[in-house]
Number of protein chains: 2
Amino acid sequence: MQTKTPPENALKRKYPEQTVLVVTRGNDGRANVMAVGWVMIASSEPWMFALGIDDAAYTYELIRQKREFVVAFPSESMAKETLFAGTHHGHSLDKFAATGLQTQTGVLVKAPLLADAVANFECRLVCIVQPGDCPIVFGEVIAAHENRSPRVLCLYNWGSNYTLLGARKPRTGRLS
Amino acid sequence: MQTKTPPENALKRKYPEQTVLVVTRGNDGRANVMAVGWVMIASSEPWMFALGIDDAAYTYELIRQKREFVVAFPSESMAKETLFAGTHHGHSLDKFAATGLQTQTGVLVKAPLLADAVANFECRLVCIVQPGDCPIVFGEVIAAHENRSPRVLCLYNWGSNYTLLGARKPRTGRLS
């Protein structure tokens with residue numbers, strides 16, 4: 001049974017929400033990282049991601065400048081670093097130095113991979129559209145990398161006060 | 001440690017993935033429902049959703065025709081119906097009759113709400129863009145509805161053979 005409510009109330013029921021880290025590198029060589037919850041796959045041939053990136057973010061400036069970035073799926077062990085990346089601005093702060101996030105060199109994009117992530121996708125900017133109040137950035141995957149350990153699992157935003165945790169199948173679920 | 005791999009392999013690590021049902025109604029009065037995994041929020045003022053909708057889908061035809069639709073977050077009890085909606089075409093099949101999905105009348109959009117969902121969002125079409133091989137549909141939320149029971153939780157696609165189940169916080173997670 002459905003009850004009418006403001007959208008922001010109904011949206012509180014949509015969690016857990018996938019969270020990614022978007023990694024960029026500026027002309028000064030400094031890498032930056034931002035947490036993004038508005039993310040989805042947008043094409044399969046070629047593979048593309050869509051990302052909602054605040055136009056005030058340093059990440060947005062660097063994506064427009066360099067036209068490339070990395071989408072990393074943080075692992076459960078990266079909760080603290082993901083929260084830091086999502087709640088601090090990168091214009092004048094080195095979030096890699098502040099968090100100690102470990103990096104690895106990609107193959108096609110100058111922004112680094114996140115060594116402890118579940119997976120990393122090197123992306124080239126395709127286009128940016130803005131139907132509402134947030135730019136939507138489309139990136140084509142030009143190289144991909146995964147953590148080969150099946151025990152390394154994705155981190156999710158559980159909604160309440162930025163609770164960042166993994167997700168497990170319920171014990172008594174109804175299998176489709 | 002990251003190992004280079006084809007994107008489709010790395011993407012197998014991104015689950016669980018949020019799944020929604022998109023509900024439409026045609027000129028003949030018949031409602032249709034489709035499962036969509038490429039979904040995200042795309043604006044907060046006003047609230048908007050972005051959805052990847054296959055251009056061969058009956059849902060895509062009806063969205064372009066009627067310029068309105070409902071985004072429903074299926075509950076854990078709707079796994080079987082969600083799988084059916086996601087694996088059958090609606091052009092000549094009444095998926096509501098086939099699944100027995102219960103509906104409820106919305107306030108602004110002619111497509112019905114799903115009574116047993118976690119939440120429903122009545123949407124008006126804003127625009128469609130196509131950066132890759134799939135049309136990306138943006139819809140503005142013009143009314144929202146929620147299931148008031150906090151025990152009714154969202155359904156996720158766990159990836160392997162369309163396993164549709166809820167998600168639980170891990171018992172031994174590291175709180176951010």
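# Worked exercises on a predicted two-chain model

In β12(B), B:Asn157 is the bridge partner of B:Glu17. The model that holds this pair is a predicted one, and the exercises below begin from the small sheet to which the pair belongs.

## Exercise 1: the small sheets

Task: Work out in which order the strands of the open sheet in chain B follow one another, and which strands stand at the edges.

Solution. Begin with the pairing of β2(B) and strand β12 (residues 156-157) of chain B, which run antiparallel and are joined by two bridges. The open sheet of chain B consists of three strands in the order β2-β12-β13, with antiparallel pairing. The edge strands are therefore β2 (17-18) and β13 (164-165) of chain B, each of which pairs on one side only.

Turn next to chain A, where three strands form an open sheet in the order β2-β12-β13, and the pairing is again antiparallel. Here β2 (17-18) and β13 (164-165) of chain A stand at the edges with a single partner strand each, so one side of each has no neighbour in the sheet. Two bridges join β2(A) to strand β12 (residues 156-157) of chain A, and within this pairing A:Glu17 stands opposite A:Asn157.

## Exercise 2: the partners of a covered strand

Task: For strand β11 (residues 136-147) of chain B, establish how many of its residues are buried, and then find which strands pair with β11(B).

Solution. Of the twelve residues of β11(B), eleven are buried, and the strand is thus mostly covered. A first partner is strand β10 (residues 119-129) of chain B, which pairs with β11(B) in the antiparallel sense over ten bridges. In this pairing B:Val129 stands opposite B:Ile136, and the two strands form a hairpin with six residues between them. Another partner is β6(B), antiparallel to β11(B) over five bridges, where B:Phe49 stands opposite B:Gly139.

A further partner comes from the other chain, since strand β1 (residues 2-5) of chain A pairs with β11(B) in the antiparallel sense over four bridges. In that pairing A:Lys4 stands opposite B:His145.

## Exercise 3: the contact between the chains

Task: Determine how many residues each chain brings to the contact, and by what turn chain A can be laid on chain B.

Solution. Chain A brings 72 residues to the contact and chain B brings 71 residues. On the side of chain A that touches chain B, strand β11 (residues 136-147) of chain A gives the most, with eight residues. Sorted by class, that side has 41 nonpolar, 18 polar and 13 charged residues. Strand β11(A) also pairs across the contact, for four bridges join it to strand β1 (residues 2-5) of chain B, and the two run antiparallel. There A:Asn147 stands opposite B:Gln2.

For the second part, a turn of 180 degrees with a shift of 0.0 Å along the axis lays chain A on chain B with an RMSD of 0.0 Å. The two copies are thus related as by a two-fold rotation axis. In chain A, the C-alpha nearest this axis is that of A:Arg168, at 2.5 Å from it. The same surface serves both copies, as 99% of the contact residues of chain A recur in chain B.

## Exercise 4: the buried side of a helix

Task: In helix α3 (residues 79-87) of chain B, decide which residues are buried, and what the buried residues pack against.

Solution. The buried residues of α3(B) are B:Ala79, B:Glu81, B:Thr82 and B:Ala85. They cover an arc of only 165 degrees around the axis, which puts them on the same side of α3(B). These buried residues pack against β3 (20-25), β4 (31-36), α4 (95-99) and β13 of chain B.

## Exercise 5: backbone details

Task: Find where A:Pro46 lies, and whether A:Arg67 counts as buried or partly exposed.

Solution. Most residues other than glycine have a negative phi, and most peptide bonds are trans. The peptide bond from A:Glu45 to A:Pro46, however, is cis, with omega near 0 degrees, and A:Pro46 lies in the loop between β5 (39-44) and β6 (47-52) of chain A. A cis peptide bond also joins B:Glu45 and B:Pro46.

A:Arg67 has a positive phi, near 60 degrees, and lies in the loop between α2 (58-66) and β7 (68-73) of chain A. Because A:Arg67 has 13 C-beta neighbours inside 10 Å, this residue counts as partly exposed.

Notes:
Residues are numbered from 1 along each chain as its sequence is written. Chains are lettered from A and ligands numbered from 1 in the order in which they are written. This is a predicted model: local features need pLDDT of at least 70, side-chain atom pairs count only at pLDDT 80 or more; totals for chains, interfaces and linings use all residues. Two residues are in contact if their C-beta atoms, placed from the backbone, lie within 7 Å. Ala, Val, Leu, Ile, Met, Phe, Trp, Tyr, Cys and Pro count as nonpolar, Asp, Glu, Lys and Arg as charged, and the others, Gly among them, as polar. Copies are superposed by least squares on the C-alpha atoms of residues with pLDDT of at least 70 in both. A residue is buried if 20 or more other C-beta atoms lie within 10 Å of its own, exposed if 12 or fewer, and partly exposed in between; C-beta atoms are placed from the backbone. The arc is that of the directions from the helix axis to the C-beta atoms.
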